[in-house]
Amino acid sequence: QVQLVESGGGLVQAGGSLRLSCAASGSTFRIDLIGWYRQAPGKQREMVATITSSGGRTNYADSAKGRFTISRDNAKNTVYLQMNSLKPEDTAAYYCYARTLDLDRTTYNYWGQGTQVTVSS
């Protein structure tokens, strides 16, 4: 089991910045992928950015490239999402996501409770 707790959301003006944090606890040694998704009202949840535990390989949604940066601090079991040049269309609930990989290759998905990001125009 993995528990994820997000923080750092809030209200910001367009063009501003926010940094989201996600602290993982529990069986964090089994996490092979961690990252961020978001869901705006009336829309499907979409991937924003992910980072692998091994090698730190990152993957970004096209909408996030060049503006958002995902990073991790393995010692703190924390992943961050630095969001710059925010736009009103970035307004959404942001969810931390983690995937664990068991020895038998079974994967499990875990979600945080979400943190709201609101970008005003």
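In this predicted model, valine 12 has valine 119 of strand E11 as its bridge partner. Strand E11 recurs below, together with the nonpolar core, the disulfide and a cluster of aromatic rings.

**Strand pairing around E11**

- Strand E2, which covers residues 10–13, pairs with E11 in the parallel sense, and the two are joined over 4 bridges.
- Strand E9 and E11 run antiparallel and are joined by 3 bridges.
- Opposite alanine 93 stands glutamine 116, a residue of E11.
- In a regular strand, the side chains alternate between the two faces of the sheet.
- E11 shows such an alternation: Thr115, Val117 and Val119 point to one face and are buried, whereas Gln116, Thr118 and Ser120 point to the other and are not buried.

**The nonpolar core**

- The largest nonpolar core consists of 29 residues.
- Leu4, Trp36, Leu81, Met83 and Tyr94 are the residues with the most contacts inside this core.
- Two or more residues of the core come from each of the strands E1 (2–7), E3 (18–26), E4 (31–39), E5 (46–52), E7 (68–73), E8 (78–83), E9 (92–101) and E11 (115–120).
- Leucine 81 may be taken as an example: apart from residues up to four places away in sequence, it touches Leu18, Arg19, Leu20, Trp36, Val48, Ala49, Phe68, Thr69, Ile70 and Tyr94.

**The disulfide**

- The structure contains 1 disulfide.
- This link is formed by cysteine 22 and cysteine 96, whose sulfur atoms are 2.0 Å apart.
- The angle about the S-S bond is -85°, and the link of cysteine 22 and cysteine 96 is left-handed.
- Because cysteine 22 lies in strand E3 and cysteine 96 in strand E9, the pair ties together parts that are 74 residues apart in sequence.
- Cysteine 22 and cysteine 96 are both buried.

**Aromatic rings and a charged neighbour**

- There are 3 aromatic pairs in the model.
- In one pair, the ring centres of tyrosine 37 and tyrosine 97 are 5.3 Å apart and the ring planes meet at 65°, so the pair is edge-to-face.
- This pair links distant parts of the chain, since tyrosine 37 belongs to strand E4 and tyrosine 97 to strand E9, 60 residues apart.
- Tyrosine 97 has a relative accessibility of 7% and therefore counts as buried, the cut-off being under 20%.
- In another pair, tyrosine 37 and tryptophan 111 have ring centres 5.1 Å apart and planes at 80°, so this pair is also edge-to-face.
- Tyrosine 37 is in strand E4 and tryptophan 111 is in strand E10 (residues 107–111), so the pair ties together parts 74 residues apart in sequence.
- Tryptophan 111 is partly exposed, because its relative accessible area is 37%, which falls between the limits of 20% and 50%.
- Through these ring pairs, Tyr37, Tyr97 and Trp111 are linked into a cluster.
- The charged end of arginine 45 sits over the ring of tryptophan 111, at 4.6 Å from its centre.
- Arginine 45 also lies over the face of tyrosine 95, 3.8 Å from the ring centre.

**Threonine 100**

- Threonine 100 is a residue of strand E9.
- The relative accessibility of threonine 100 is 3%, so this residue counts as buried.
- With neighbours within four places in sequence set aside, threonine 100 is in contact with Val2, Ser27, Arg30, Ile31, Asp32, Thr106, Thr107, Tyr108 and Tyr110.

Methods:
Residues are numbered from 1 along each chain as its sequence is written. This is a predicted model: local features need pLDDT of at least 70, side-chain atom pairs count only at pLDDT 80 or more; totals for chains, interfaces and linings use all residues. Side-chain values use heavy atoms; hydrogens and water are left out. A nonpolar core is a set of buried Ala, Val, Leu, Ile, Met, Phe, Trp, Tyr and Cys residues joined through side-chain atoms within 4.5 Å. Buried means under 20% relative accessible area, exposed over 50%, partly exposed in between (1.4 Å probe, protein chains only). Contact means heavy atoms within 4.5 Å. Rings of Phe, Tyr and Trp (its six-membered ring) pair if their centres lie within 6.5 Å; planes under 30 degrees apart count as stacked, over 60 as edge-to-face and the rest as tilted. A charge sits over a ring if NZ of Lys or CZ of Arg is within 6 Å of the ring centre and within 35 degrees of the ring normal. A disulfide is a pair of cysteine sulfur atoms within 2.5 Å. Two strands pair if DSSP finds at least two bridges between them.
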